[in-house]
Amino acid sequence: MAAPSSAGEILDKFQTDYQAAINSGDYHPFVWPYRALGPYLLIVYLLLPPTQSRAVHLVRYPIFALIIYLSVTAIRECTSPAVTVGYGIGLLNAWTILWSATLLIFNDGRKDYQRIERQERPYVPQENDNDETLIQNIQGETSALDGSTMEGLKSLHPMAEVPQSTITLADDPETDYTEVHADQEPIPSASPNQTYVWQSLPNSFLHRLDYVLDLITNFRGL
């Protein structure tokens, strides 16, 4: 067979070979999202609400095995006439296996990670505040903090007023935040009215969705 004389002939040959492979059943087209269920399984597992359930902790192992099966099957069975798409099929599924192993096997993605989040500083009562001013400011701050309680509100005071010990709000099931250690060097704030806090897996679904997507796309630890 004569060698292709132009880029168009090469593309035509790729398309012909692709159609022959599909018609024979040797390969299948890559169909999104059916052939990309591995990443979705990882996301769904990490999106489960915070819990101490042992069943939720152990189910990560069969989920990881299923992710491997789905990803390897897609790599072996799927193809594309476009080189970049074919490369992407392998890259997506290989990354899914590696990152799932990092978050499900070598670490517990639901418990072992935290991120720093900027929060508005809660209102600190002043000596000249009257009762009405105090109530309005505290109510405004509590409504702005996702999942925080009055106890958590007191624990988010400026760094200079925190005792020389670690304040851990994440141990309280009603909160999602951990104050930066008082004996560590303070993290610079964007403004005097803001502070940085450690955030573990949030209770709010929308906040948890943002947290999980941030976790699986940062590539740290891979």
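The expected span of a helix is 1.5 Å times one less than its number of residues. Keep that in mind as you walk through this predicted model.

**Stop 1: helix α8.** Select residues 205-216, which form helix α8. These 12 residues reach 16 Å from the first C-alpha to the last, close to the 16 Å expected. Now colour H207, R208, Y211, V212, L215 and I216, the buried residues of α8. Why do they sit on the same side of α8? They cover an arc of only 155° around the axis, and that puts them on one side together. As a rule, an α-helix has 3.6 residues a turn, so residues three or four places apart point the same way.

**Stop 2: the largest nonpolar core.** Keep V212 and I216 selected and add L42, L46, L103 and L104: these six have the most contacts inside the largest nonpolar core, which has 20 residues. Helices α2 (37-46), α4 (60-77), α5 (83-105) and α8 each supply at least two residues of this core. Which helix gives the most to it? That is α5, with five residues.

Next, centre the view on L42. Leaving aside residues up to four places away in sequence, L42 touches I67, W99, S100, L103, L104 and I216.

**Stop 3: T102.** Stay in helix α5 and pick T102. Is T102 buried or exposed? T102 counts as buried, because its relative accessibility is 6% and the cut-off for buried is under 20%. Try a distance label here: the C-alpha atoms of T102 and I216 are separated by 10.0 Å, although the two residues are 114 apart along the chain.

**Stop 4: a pair of strands.** Select strand β3, residues 115-120, and strand β5, residues 194-199; they pair in the antiparallel sense over six bridges. Find Q119 and look across to T195, its bridge partner in β5. Then turn β3 to see its two faces: R115, E117 and Q119 are on the covered one, while I116, R118 and E120 are on the uncovered one.

**Stop 5: towards the start of the chain.** Select residues 7-24 for helix α1, whose 18 residues reach 26 Å from first C-alpha to last, close to the 26 Å expected. Just after α1 comes G25, with a positive phi of about 85°.

Finish at P33, in the loop between β1 (28-29) and α2. A cis peptide bond joins W32 and P33, with omega at about 5°. In general, most peptide bonds are trans, and most residues other than glycine have a negative phi.

Terms used: Residues numbered from 1 in each chain as written. Predicted model: local features only at pLDDT ≥ 70, side-chain atom pairs only at ≥ 80, totals over all residues. Heavy atoms only, no water. Helix = DSSP H or I, 4+ residues; strand = E, 2+ residues; numbered from the N terminus. Buried < 20%, exposed > 50% of the residue type's maximum accessible area, 1.4 Å probe, protein only. Pairing = 2+ DSSP bridges. Arc of directions from axis to C-beta. Core = buried A, V, L, I, M, F, W, Y, C linked by side-chain atoms within 4.5 Å. Contact = heavy atoms within 4.5 Å.
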